[in-house]
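Hi everyone, thanks for making time for this. Let me put the structure up and we can walk through it together.

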Amino acid sequence: MNELLQQLINGLALGSILALIALGYTMVYGILRFINFAHGDIFMLGAFAGFYLAPRIATVLPLPSVAGALAVLVISMAVCATLGVLIERLAYRPLRKRPKLTVLITAIGVSLFLEYTGQFVFGAAPKKFPEILPGFAVMHLGHLSFNSNQIVVISVTLLLLLALRFIVLKTRIGMAMRAVSFNPEAAALMGVNPDVIISFTFALGSALAAAAGILWAINYPSIDPLMGILPGLKAFVAAVLGGIGNLPGAALGGIIIGVTETLVSGYLSSTYRDAIAFAILILILLVKPSGLLGKKEVEKV
Amino acid sequence: MNFRYAKTVLLGTIALGFLASLFASRINPYWLFIFYDIGISIVMAVSLNLINGYTGQFSLGHAGFMAVGAYTSAVITNQFGELNVFAANAIFAVALLAGGLAAALAGLLVGIPTLRLRGDYLAIVTLGFGEIIRVILQNLDRVGAARGLSVVHGWTNLFWTFGLGAVTVYVVASLVNSTYGRGFIAVHDDEVAAGAMGINPTKYKVTAFVVGAFFAGIAGGLYAHAKQFLTPGGFGFMQSITFVVMVILGGMGNTVGVILAAILLTLLPEGLRMLAGIDHLPGLAAERPLGWIGDTRMIIYSLLLIGLMLTRPQGLFAFRQQRK
């Protein structure tokens with residue numbers, strides 16, 4: 001029983017990170033109807049931004065410290081938000097009216113470009129992410145032990161989710177986002193500039209991916225340029241599981257994938273870990289292709 | 001491809017492959033292996049073109065089918081010791097066929113449940129399927145798991161690679177040029193309209209998938225008996241991407257273009273490797289070593305993909321007008 005709870009906590013931490021990445025997929029899909037394949041690599045770039053920023057921030061703020069870690073997090077998010085907007089501008093925007101397959105292939109190209117340029121620039125060998133948070137003692141609750149980093153991951157994710165919910169539901173730009181996702185032409189007629197909204201969506205999604213990258217690196221401090229591939233794919237599966245285009249669904253999907261994966265590697269076999277997400281994907285697409293919280297869409301001619 | 005000459009080209013290539021294989025001992029082994037690679041890439045790219053090009057689906061798991069074929073055929077031939085030429089070639093043919101059938105079965109297994117999906121979903125599912133195969137192979141102790149599997153016999157030769165390359169091209173070309181095969185293009189052009197005309201899109205998609213997977217399995221068998229060593233990691237996502245790049249570069253649904261692209265993209269890394277071997281080119285400053293060029297293959301692929309999609313989505317070698 002205790003072990004199960006312990007595994008659930010581990011799974012929740014992993015799931016929170018996947019949920020943050022999944023939100024980026026689902027937001028872009030909601031508005032542009034395409035899978036931003038390069039999203040997992042923004043996650044990787046977030047971790048690397050933190051890696052290169054940390055020594056510079058250490059000259060201004062003490063590291064490891066809460067303020068310093070916050071600075072690393074926020075600046076990495078800003079860097080990746082800029083990158084996300086830039087990628088959309090250069091690679092995806094010229095293709096807006098082209099077939100979906102063209103955009104998908106471009107996205108795969110961007111993804112490979114980021115990965116292998118990353119290998120070229122950062123080096124292929126894994127790097128050790130610096131300690132940016134003071135590790136306070138492991139807390140015990142009965143027989144359970146909480147790693148301080150896991151608490152940080154879960155609470156930062158929760159805060160970011162609330163912030164995102166506020167932006168999407170309570171602000172003007174959030175309303176515009178929902179409008180564009182509902183019907184781009186009608187939104188444009190109502191005075192919403194879809195280009196601005198799409199850029200904003202990419203900025204928001206990339207910032208969340210960067211946050212996920214930093215949280216991942218705090219939890220598992222070995223980073224390399226190909227680290228984004230698997231978490232990216234699993235997060236995509238999470239988005240599909242929750243119902244793509246649906247924000248609470250993405251968060252839910254992330255948690256489910258994270259917990260299932262941790263439980264399977266804890267109780268069954270850790271070597272099959274990486275196949276779990278894909279098995280879930282095939283299953284969900286067979287049983288309920290619209291996802292847990294998604295609405296069924298009928299294709300109209 | 002001009003279909004009238006297809007049979008002549010088929011028989012000609014097989015005969016040429018046979019003749020060339022008689023003189024194989026005079027060819028520098030380095031080039032011999034590059035020729036094998038080219039033949040295998042042609043089989044892979046042309047069969048993938050049936051799925052991604054003609055039928056308009058998007059499979060990112062072609063290397064997974066290749067893995068199934070490679071391991072199946074290797075497990076079969078590893079049962080045998082030294083054999084005379086005729087027995088060896090007979091066994092090899094059976095093993096290749098078995099590998100192809102096993103891959104086709106895998107294609108059927110993935111195809112039936114998933115081909116109701118469209119475009120990007122299908123891409124991710126096939127990708128996921130490729131990864132599942134890799135993970136399973138990594139856990140199967142009978143085939144060496146992550147340590148890899150040694151293949152005893154190096155039976156792949158020019159006859160088999162180019163003969164089977166020609167057969168693949170011929171089968172795919174006859175299939176899409178047949179009355180039945182028009183259905184693939186109909187599904188590619190407009191699934192809903194094709195359905196309204198009485199064509200069952202799912203059936204066509206599954207057929208394309210199974211035939212494509214069959215040839216990928218055969219290519220896997222050729223690969224296994226050329227390299228003589230298999231690791232699950234060798235059939236990953238990146239390998240699938242390489243074949244996808246060949247299809248896109250050649251022009252989706254353009255067999256001749258895809259063959260050219262397969263040749264070009266197999267030679268490209270070798271060329272880069274040679275450049276990397278030279279310390280510096282004459283005329284370039286000596287302090288700028290060229291060793292880094294060899295590592296940039298994937299960067300070049302990615303830029304090719306992005307650049308092609310932005311400027312020439314019909315592919316590099318699409319000279320005639322594309323089917324509208």
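**Helices, contact and core**

Keep in mind that this is a predicted model. Let's start in chain B, where helix α4 (residues 85–114) and helix α9 (residues 201–227) pack at an angle of about 140°, their axes 7 Å apart. The crossing of α4(B) and α9(B) is right-handed. Where these two helices meet, the residues comprise 18 nonpolar, nine polar and one charged.

Staying in chain B, look at helix α6, residues 158–177. How far apart should its ends be? At 1.5 Å a residue, the 20 residues of α6(B) should span 28 Å, and the end C-alpha atoms are indeed 28 Å apart, so the two values agree. Of those 20 residues, 14 are buried, so α6(B) is largely enclosed by the rest of the structure.

Now, the contact between the chains. Chain A gives 33 residues and chain B gives 31. On the chain A side, α4 (100–122) and α11 (273–287) each supply at least two residues. The largest share there is 14 residues, from α4(A). By class, that side of chain A has 24 nonpolar, five polar and four charged residues.

Last stop, the core. The largest nonpolar core has 200 residues, and the members touching the most others are A:C80, A:L104, A:A211, A:V237 and B:A45. Helix α8 of chain A (residues 194–219) provides the largest share of this core, with 17 residues.

And what does B:A45 touch, leaving aside neighbours within four places in sequence? Its contacts are B:F243, B:M246, B:V247, B:G250, B:V258, B:A261 and B:A262. Thanks, everyone!

How values were computed
Residues numbered from 1 in each chain as written. Chains lettered and ligands numbered in written order. Predicted model: local features only at pLDDT ≥ 70, side-chain atom pairs only at ≥ 80, totals over all residues. Helix = DSSP H or I, 4+ residues; strand = E, 2+ residues; numbered from the N terminus. Expected span 1.5 Å × (residues − 1). Buried ≥ 20, exposed ≤ 12 C-beta atoms within 10 Å, placed from the backbone. Contact = placed C-beta atoms within 7 Å. Nonpolar A, V, L, I, M, F, W, Y, C, P; charged D, E, K, R; others polar. Axes fitted to C-alpha atoms, helices over the stretch in contact; angles between N-to-C directions. Left-handed = near helix turned anticlockwise from the far one by under 90°. Core = buried A, V, L, I, M, F, W, Y, C linked by C-beta atoms within 7 Å.
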